[in-house]
Structures are given as structure tokens and as C-alpha cells.
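Welcome! Here is a friendly walk through one structure, taken a few places at a time. Have the picture ready and follow along.

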Amino acid sequence: MSEKLVVLYGNDQGANNVLDLVEKSAKEQGFQTLRIPGFKAVISDEHIAVALRADAVVLGVSGDVPEAKFAHYLLAKEPDMDGRMVFIEDFPTSNGNQDPVLRSIGRVSHLCSILPPAENSRELSVYRRVHVVGYPDHWLPAIENIAFGIEARKSGVVRKRRRGYTGSRFVSPGEVVVYVSGFVGFSPEYMRRILEIKEIIGRPVLVHYRAHPSEQNRPELAELIKKRDALFEGRWEIANKEIADAGRDSDTRLIGVSDIVIANPGHVSTFYAGSLRKKMICVMEFVESKAGGTSSYDYRFSGLRTHMVERVSDIREAMQALMTEGSPEQTALEEKQKLNTIPFDPKNPPSYGKNVMEVVKNLI
């Protein structure tokens, strides 16, 4: 087994997160592995030479799908790669089936899908075969963190503080906690308009914003961040360190604490929140306003588990509807989430990397 070689390549963070799981499993099973650096790194001639003699190539699917271009190049150089290239999802439906390069090589490639594909879905006609491998291992801790936040809110231990001031007080059951999950370059204007929502159905609104960690050390974003931060001076926000200052766990714990989440429709939490019946509003303007680039993901797919709106200006009305007991919008969201729940079982943890490697082993 040790002579078998698997090459892995993914360009963005999501792709590399799941490639980590596959690489770990491959090594545990005695495979040799070569990890081609991602994050827009140049693929060297040496990497190409090794990939051309690999037994299998496992590829993520990033925004502009550079992995498809790499696979196309390998296939042109070595036709025997036919059937030994495997694309893997880091997010359901994020499999590049709309990319023209990937579509041109799809019939000689396999796809490892998180969820079973819908009948007549495009990936079934693009790829040679679709293999269902389940959700990534790191989804389960995220689910547990949402549950942590839910329990904290139920037990009444959540506190709030004014930014820039000392001291805190408990969040009252009557307050509507709105968590805004930030993405890179989140506009101060978006934030200002959300902060204008002071009350919903007669209840005061507390807005907590968490900036995306990838904004750190980005000089070109410094002025934007400064303007956005200025909006929060003196405003209430969640004070508990174990919730708001818990590193990478903060995002999902804040989802649990909140009454309403406002998020980018490409956020993986749309799947977590749907399964735990969290009220989430996804705003298409968040993705449509970004200039340049493409995505491997169909953003409107998030509407199966969330309440979708087109514009930031639609958020107030959506919040009002979702917080009104028995409203058509609230009822529709509940029904969608019941139908599109992903079963999470802590007693039967996921094994994404192992399942992908089972696919790979059957190809070589």
C-alpha cells in the first residue's frame, strides 16, 4: 500500500479544510501523499511531475475553480489520468458543475458529495459518478457549539455590555438578540442600516457583530474596519467571553445565543442552523455586490434552510415576520427546516476523510 501515491490540491480555505481530513486518512492507511500548496500559490513543475505519476489526484473546489484548470492540464499531458481524479465538496452543491473547464473534464472525474444529489441535479450529468461521503468532521463540533449557545440563552446566563465601557448586565428574555456573522469586507453601510433596527414587534433589539477573522492583517481593509468599528462605540453587545471571545467557536456559539442570525448565503452555518431550527436571514445582496470572481456554489440553495431576502433593506420586514408567532414566513421556515435537516449524531461521528479514501481506493 505504501507505494500508492495520492496528490491533493485545493486553492481556498474551505477546500483545504476538507483536504486536511482526506490527507490525514490517507496517511493513516499507508498512502504516500503530496499536498500542493493552495491559497493562490504557484504550482511548481516538480508538483506537476509528481501529479502526473500519481495513482490518484484529489481536488477541492474553490471560487474560480483553479483545481479544474489543473486537472484539465494533467489530463492533456497524461490521458491515463482518466478516472483517477476526484473532486470533493466542502459545502453541499459546491462542486463546480457550472464551470466550463470542469464540465469539459467531468465525465473522466468523480465527485465526493456531502449530501445525496437531488434527482436530475446537474452534477449527475457532469461527473462520471457521484459518491456520497457525508458531512465533514468539523461540522459536529460546530453543531455542539450552537447547542452550547442555545443552552446559555435558555439558562439566562448571557450578559451584555456597552462597547468601550466596563460593567455588564444580563440580557433579558424580552430582548431580540440579532447576530450578524461578518464576511471579508463587510460594508459599514450594511452595518449602519442593520443597526438602525432598534425594535421588533415592540421588543428591543441587541445587535452583535463578529468580524471575519480573515480581515486581520489586511491593510487595504483598515479604513473600512475603522468606519465599521466606530458604529459600535457605546452600543450593547454580548459580553460573555466563553461566547463572544471563544476564537473560532465564537461564530457558532453566537448563532446559538441569537434569536435571529443575519449571514452571507454562502456561510456553511446555513446547514447547522437549519438542523437546529435557528432563524437565519440570508441576504443575496451580500454576494451579488462583490465585484469580480465566481463561485462554485449556488447561493440560492441556502434558501432550503433559511429565510432568503434580496436586499439589506428587506431585513427589517423579515425580522418582523420571523419573530411574529404563526406568521406565514415563520411557518414556511419551520417547514423548510424540517424537510432539510441533516442528521447529526454525536454517537456516530462523521468520517469524511475515510469515506473519500474508500472512493479513491476503488479507483486505483
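Let us begin where two helices touch: I48, A51 and L52 in α2 meet F70, Y73, L74 and K77 in α3. Keep in mind as you look that this is a predicted model. Helix α2 covers residues 45–52 and helix α3 covers residues 66–77; their axes come within 10 Å and cross at roughly 60 degrees. Angles from 65 to 115 degrees count as roughly perpendicular and those under 35 as roughly parallel, and α2 and α3 are therefore oblique to each other. The crossing in which α2 passes α3 is right-handed.

A second helix pair can be found with α1 and α15. The contacts here join V18, L21, V22, S25 and A26 of α1 to Y352, G353, K354, V356 and M357 of α15. This crossing is right-handed as well, with α1 passing α15. The angle is about 65 degrees, and α1 and α15 are therefore roughly perpendicular to each other. The table sets out the two pairs.

| Helix pair | Crossing angle | Axis distance |
|---|---|---|
| α2 (residues 45–52) and α3 (residues 66–77) | roughly 60 degrees | within 10 Å |
| α1 (residues 13–28) and α15 (residues 352–361) | about 65 degrees | 7 Å |

Now for the aromatic rings. How many aromatic pairs does a search of the whole structure find? The search finds 16. One of these is formed by F91 and F271, whose ring centres are 4.9 Å apart and whose planes stand at 80 degrees, so the pair is edge-to-face. These two residues link distant parts of the chain, being 180 residues apart: F91 is in the loop between β4 (85–88) and α4 (100–105), while F271 belongs to helix α11 (residues 269–275). Are F91 and F271 buried or exposed? Both are buried. They also belong to one aromatic cluster, together with Y135, W139, Y272, F301 and F344.

Rings can have charged neighbours too. The charged end of R253 is placed over the ring of F148, 4.1 Å from the ring's centre. In a similar way, R159 lies over the face of F170, with 4.2 Å to the ring centre.

Next, look at the backbone of two residues. V65 is not a glycine, yet its phi is positive, at about 50 degrees. You will find V65 in the loop between β3 (56–59) and α3, and with 1% relative accessibility it counts as buried. N217 also has a positive phi, near 60 degrees, and is a residue other than glycine. Its place is the loop between β11 (203–210) and α8 (222–230). Unlike V65, which is buried, N217 is exposed, having a relative accessible area of 76%.

Two more residues round off the tour. S181 sits in strand β9 (residues 176–181) and is buried, at 4% relative accessibility. Which residues does S181 touch, not counting those up to four places away in sequence? They are R210, D251, I262, A263 and H267. From S181 to R228 there are 47 residues in sequence and 14 Å in space, C-alpha to C-alpha.

E189, in helix α7 (residues 188–195), is partly exposed, with a relative accessible area of 35%. E189 and L231 are separated by 42 residues in sequence, and their C-alpha atoms lie 9.8 Å apart.

Technical notes: Residues numbered from 1 in each chain as written. Predicted model: local features only at pLDDT ≥ 70, side-chain atom pairs only at ≥ 80, totals over all residues. Heavy atoms only, no water. Phe/Tyr/Trp six-rings, centres within 6.5 Å; stacked < 30°, edge-to-face > 60°. Helix = DSSP H or I, 4+ residues; strand = E, 2+ residues; numbered from the N terminus. Buried < 20%, exposed > 50% of the residue type's maximum accessible area, 1.4 Å probe, protein only. Lys NZ or Arg CZ within 6 Å of the ring centre and 35° of its normal. Axes fitted to C-alpha atoms, helices over the stretch in contact; angles between N-to-C directions. Parallel < 35°, antiparallel > 145°, perpendicular 65-115°, else oblique. Left-handed = near helix turned anticlockwise from the far one by under 90°. Contact = heavy atoms within 4.5 Å.
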